[in-house]
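Reader: Thanks for sitting down with me. Could you show me the model and explain how its descriptions are reached?

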Amino acid sequence: MNPSISRIVIIGAGQAGAWAAHTLRQQGYGGSLAVVSDEERVFYERPPLSKQVLAGDMAPAALQLFSDEAIDAMNIDWHKPARATAIDRRAHVVTLDNGTKLPYDKLLLATGSRARVPVQEWLNLPRVFTLRTPEDAARLGERLAPGKRLAVLGGGWIGLEVAATARAKGVAVSLFELGERLCARSVRPEVSDFLRDLHLGQGVEVNLDCGLLELVAGDDGTLRLFRDEQLLLEADAVVVGAGAEIATELGRDAGLEVAQGLVVDEQGQTSDPDIYAAGDVAIHPGLGFCIQSWANAQNQAISAAKAMLGEDSPYREEPWIWSDQYDCNIQILGIPADGGSRLVRRQSGERQHAFIYLDQDDRLQSMIAVNDARLVKLGKRWLKAGTVLPAAQLADPAVNLMSLKP
Ligand SMILES: Cc1cc2nc3c(=O)[nH]c(=O)nc-3n(C[C@H](O)[C@H](O)[C@H](O)COP(=O)(O)OP(=O)(O)OC[C@H]3O[C@@H](n4cnc5c(N)ncnc54)[C@H](O)[C@@H]3O)c2cc1C
């Protein structure tokens with residue numbers, strides 16, 4: 001460990017900030033550790049918000065990543081709720097909105113992302129919701145009663161999960177997606193079709209290519225959705241699930257290199273050698289764009305924390321995300337390429353199947369597995385080892401894929 005490092009500051013206390021703090025202490029870092037968070041609630045994970053928490057099956061306290069005792073033992077100098085507003089790179093000082101100045105030897109930006117809302121005025125309307133925090137989930141959950149109608153704007157993962165949770169609560173759901181297909185940025189058309197059919201089968205009204213919508217609040221609190229001045233729908237609540245805005249502003253204003261997110265190398269280091277970034281806000285170094293996922297936030301942060309202490313700790317994880325909708329656990333491994341890959345379908349049970357993509361050399365390129373976590377585990381090993389996979393065996397449900405050892 002580098003003995004000249006005695007002051008570390010982390011900005012953001014979500015999945016990435018939490019795992020960085022935990023890792024620094026695990027690695028034996030005994031210097032000062034300041035964490036700045038603009039949320040009062042810290043070190044919690046977000047995935048259950050659109051699933052169990054929204055459904056009312058999980059209390060927000062259960063989202064906390066580490067026990068209170070474990071967090072106390074990290075001996076953190078907390079600054080919350082407070083916002084970091086500027087980084088003076090030359091002086092190595094972070095300024096907070098309450099005037100506090102925090103000097104650092106190494107700084108980690110774990111500022112994540114926030115919900116993107118295409119029309120800011122929508123947020124002034126009562127009963128229009130986004131979903132990032134337990135408070136958001138509580139407010140939206142109050143509106144999800146049987147017989148009510150919910151409009152979901154955006155056919156990405158969060159929109160689809162909210163639709164599924166709302167249907168399970170007996171809410172009528174209409175989903176509007178601007179593009180021609182669902183989750184178009186992360187899956188190929190055949191998977192989008194599967195998702196559409198899944199939701200249609202559960203009674204969701206799926207509107208693709210929906211055009212630009214206008215939202216107007218009625219006197220009775222209902223929300224009216226218009227397109228080209230034509231009334232499409234009256235809803236009791238609207239959820240905007242239109243993707244995420246990456247919180248790069250702090251790094252950008254400090255002059256760090258920014259692409260879609262903060263540009264980092266495999267060690268999580270930005271264009272300033274004393275500033276690191278991890279999680280939603282940072283690009284994936286191997287791919288050059290941001291991966292907004294729980295596993296990425298955790299593992300990139302662990303890597304960056306080790307690197308801040310001087311350890312060689314390259315981050316080379318393949319992207320992996322999951323989503324739960326109805327009785328389907330959907331896992332995505334790797335990034336499905338637009339072309340040049342061969343699709344192999346595997347149907348191993350009525351509700352268990354997979355889309356497996358092979359490259360020209362029959363090596364796994366990516367996969368989307370439904371209710372088949374074991375296959376994804378195996379897929380991670382195939383990807384790492386570059387295993388050549390026989391398509392016919394992959395497609396045959398009678399073949400035990402464990403026999404295709406990496
Ligand atoms: C509803 C929902 C469901 C999800 N479901 C899944 C899922 O099923 N599977 C999956 O893989 N991923 C899922 N994700 C994505 C996953 O939760 C994120 O990728 C992960 O939370 C990213 O963690 P992070 O720490 O990088 O950023 P964040 O969680 O965004 O945390 C960043 C924190 O920094 C704070 N901050 C920002 N700027 C400042 C500043 N200047 N000063 C102080 N604090 C600041 C933010 O307010 C926030 O608290 C989901 C996300 C949401 C919102």
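Author: Happily! Let's begin with a definition: Ala, Val, Leu, Ile, Met, Phe, Trp, Tyr, Cys and Pro count as nonpolar, Asp, Glu, Lys and Arg as charged, and the others, Gly among them, as polar. Please keep in mind that this is a predicted model. By those classes, the ligand's shell holds 13 nonpolar, 11 polar and eight charged residues.

Reader: Which residues come nearest to the ligand?

Author: Of the 32 residues around the ligand, the nearest are Asp-38, Glu-39, Arg-46, Lys-51 and Asp-280.

Reader: What makes the pairing of the ligand with the side chain of Asp-38 a polar contact?

Author: The cut-off for a pair of N or O atoms is 3.5 Å. A ligand oxygen is 2.5 Å from an N or O atom in the side chain of Asp-38, so this pair counts as a polar contact. For the side chain of Lys-51, the distance from a ligand oxygen to an N or O atom is 2.6 Å, and that pair therefore qualifies too. With Ser-113 the partner is a polar backbone atom, 3.3 Å from an oxygen of the ligand. As for cover, the protein hides 94% of the 1,000 Å² of accessible area that the ligand has on its own.

Reader: Which helices and which strand each supply at least two residues of the shell around the ligand?

Author: They are helix H1 (15–26), helix H5 (157–168), helix H8 (294–308) and strand E19 (320–325). In terms of domains, domain 1 (7–114 + 245–308) and domain 2 (117–240) each give the shell at least three residues. The chain also has a domain 3 (327–403).

Reader: How do you know that domain 1 and domain 2 are in contact?

Author: Contact requires heavy atoms within 4.5 Å. On that basis, 15 residues of domain 1 are in contact with 13 residues of domain 2. The two bury about 1,200 Å² between them, with carbon and sulfur atoms giving 58%. On the domain 1 side, Leu-49, Ser-50 and Leu-54 lose the most area to domain 2, together 48% of what that side buries.

Reader: What is the omega of the peptide bond from Lys-80 to Pro-81?

Author: Omega is near -15°, and the bond is cis. Pro-81 sits in the loop between strand E3 (77–79) and strand E4 (84–88).

Reader: And what is phi of Asn-75?

Author: Phi of Asn-75 is near 50°, a positive value in a residue other than glycine. You'll find Asn-75 in the loop between helix H3 (68–73) and E3.

Notes
Residues numbered from 1 in each chain as written. Predicted model: local features only at pLDDT ≥ 70, side-chain atom pairs only at ≥ 80, totals over all residues. Heavy atoms only, no water. Near = heavy atom within 4 Å. Polar contact = N/O pair within 3.5 Å; in protein donor to acceptor, adjacent residues only side chain to side chain. Areas by Shrake-Rupley, 256 points an atom, 1.4 Å probe, with all protein chains shown as cover. Helix = DSSP H or I, 4+ residues; strand = E, 2+ residues; numbered from the N terminus. Domains from an automatic or database assignment. Buried area = accessible area lost by both parts, 1.4 Å probe.
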